[in-house]
Amino acid sequence: MTDGRPGNHCRGGRVVLHMTQDMVATLRPLLAAEASAEAYASGAEQSDLEQAVWLRLLERLDTDGPPVDPQGWLRRAVRSEARRSRRTARIERPYAADPADDCGAGPEQQAMTAARHRALHDAVRRLPGRCPSLLAALLSPKDLTYREIATALEIPVGTVRSRLWRARGRIRELLEADRASADAPRIQEEGDR
């Protein structure tokens, strides 16, 4: 049975919001001081200890009602949480190396990357004229300059950039055509259903 006020209801239907607000206002400075004193030795953050104690208080209010001696209960709760934090710190050890490499590609990602590389290399090989050798020179591990590329391919330096742009456009067209031809059977199958 409630008295119509909003709040947290304890067993028996008692509203404890007004008591909880008063308790929080009264206990906040004591909790901050106790948590600050215990945090360093326990290896926990002060705010983590405070949060754990507030949670314990809410759980207690929900099951057993308010403590008879709130200040004494709070001190014991802070020490208990600090001990729990110390035990956890002793038991838990960080990995020497992160076992789950989120940055590394899994088998599926590696297969997709390899397929994209194969498609790109196939498209480069199908380019007309000097485009394949131009792109090979550009992607050389020697990191050639435009002047060195032009000298190696015996073309004017001023045309290297424009030829690269044209080659890039042709690769894009080839890849889009390949993608469209690969999607055509799938689209036809879906249309037949």
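The exercises below, each with a worked solution, concern a predicted model of one protein chain.

**Exercise 1. The chain as a whole**

Task: State how many helices and strands the protein chain has, and in what order the elements run.

Solution.
- Step 1. Count the elements: the secondary structure of the protein chain consists of seven helices and zero strands.
- Step 2. Read the order from the N terminus, which gives α-α-α-α-α-α-α.
- Step 3. Turn to burial: of the 193 residues in the protein chain, 25% are buried.
- Step 4. Consider the surface: the accessible area of the protein chain is about 14,000 Å², and carbon and sulfur atoms account for 54% of this area.
- Step 5. Look at the contacts between residues at least 6 apart in sequence: 54% of them join residues at least 24 apart.

**Exercise 2. Helix 2 and helix 3**

Task: Determine how the axes of helix 2 and helix 3 are oriented to each other, and which residues make the contact.

Solution.
- Step 1. Locate the elements: helix 2 covers residues 46-63 and helix 3 covers residues 70-91.
- Step 2. Note the geometry: the two axes come within 9 Å and cross at roughly 125°.
- Step 3. Classify the angle: because roughly 125° lies outside the ranges for roughly parallel (under 35 degrees), roughly perpendicular (65 to 115) and roughly antiparallel (over 145), helix 2 is oblique to helix 3.
- Step 4. Add the handedness: the crossing of helix 2 and helix 3 is right-handed.
- Step 5. Identify the residues: helix 2 contributes Leu49, Ala52, Val53, Arg56, Leu57 and Arg60, while helix 3 contributes Trp73, Leu74, Ala77, Val78, Ser80, Glu81, Ala82 and Arg84.
- Step 6. Sort the residues of this contact by class: nine are nonpolar, one is polar and four are charged.

**Exercise 3. Helix 5 and helix 6**

Task: Carry out the analysis for helix 5 and helix 6, starting from the angle at which their axes cross.

Solution.
- Step 1. The axes of helix 5 (residues 131-138) and helix 6 come within 10 Å, with a crossing angle of roughly 140°.
- Step 2. This angle makes helix 5 oblique to helix 6.
- Step 3. The crossing of helix 5 and helix 6 is right-handed.
- Step 4. On the side of helix 5, the residues in contact are Ser133, Leu134, Ala137 and Leu138; on the side of helix 6 they are Tyr146, Ile149 and Leu153.
- Step 5. The residues of this contact comprise six nonpolar, one polar and no charged.

**Exercise 4. Three single residues**

Task: For Ala150, Glu34 and Thr88, decide which class of exposure applies: buried, partly exposed or exposed.

Solution.
- Step 1. Ala150 belongs to helix 6 (residues 146-153). Its relative accessibility is 2%, and Ala150 is therefore buried, the limit being under 20%.
- Step 2. Beyond its neighbours within four places in sequence, Ala150 is in contact with Ile155, Pro156, Val157 and Val160. The C-alpha atoms of Ala150 and Leu134, 16 residues apart in sequence, are 8.7 Å apart.
- Step 3. Glu34 lies in helix 1 (residues 17-42). With a relative accessible area of 16%, Glu34 is also under 20% and so counts as buried.
- Step 4. Neighbours within four places in sequence aside, Glu34 is in contact with Leu74, Arg75, Val78 and Arg79.
- Step 5. Thr88 is part of helix 3. Its relative accessibility is 31%, so Thr88 is partly exposed, between the limits of 20% and 50%.
- Step 6. Thr88 and Ala44 are 44 residues apart along the chain, and 9.9 Å separates their C-alpha atoms.

How values were computed:
Residues numbered from 1 in each chain as written. Predicted model: local features only at pLDDT ≥ 70, side-chain atom pairs only at ≥ 80, totals over all residues. Heavy atoms only, no water. Helix = DSSP H or I, 4+ residues; strand = E, 2+ residues; numbered from the N terminus. Buried < 20%, exposed > 50% of the residue type's maximum accessible area, 1.4 Å probe, protein only. Contact = heavy atoms within 4.5 Å. Areas by Shrake-Rupley, 256 points an atom, 1.4 Å probe, with all protein chains shown as cover. Axes fitted to C-alpha atoms, helices over the stretch in contact; angles between N-to-C directions. Left-handed = near helix turned anticlockwise from the far one by under 90°. Nonpolar A, V, L, I, M, F, W, Y, C, P; charged D, E, K, R; others polar.
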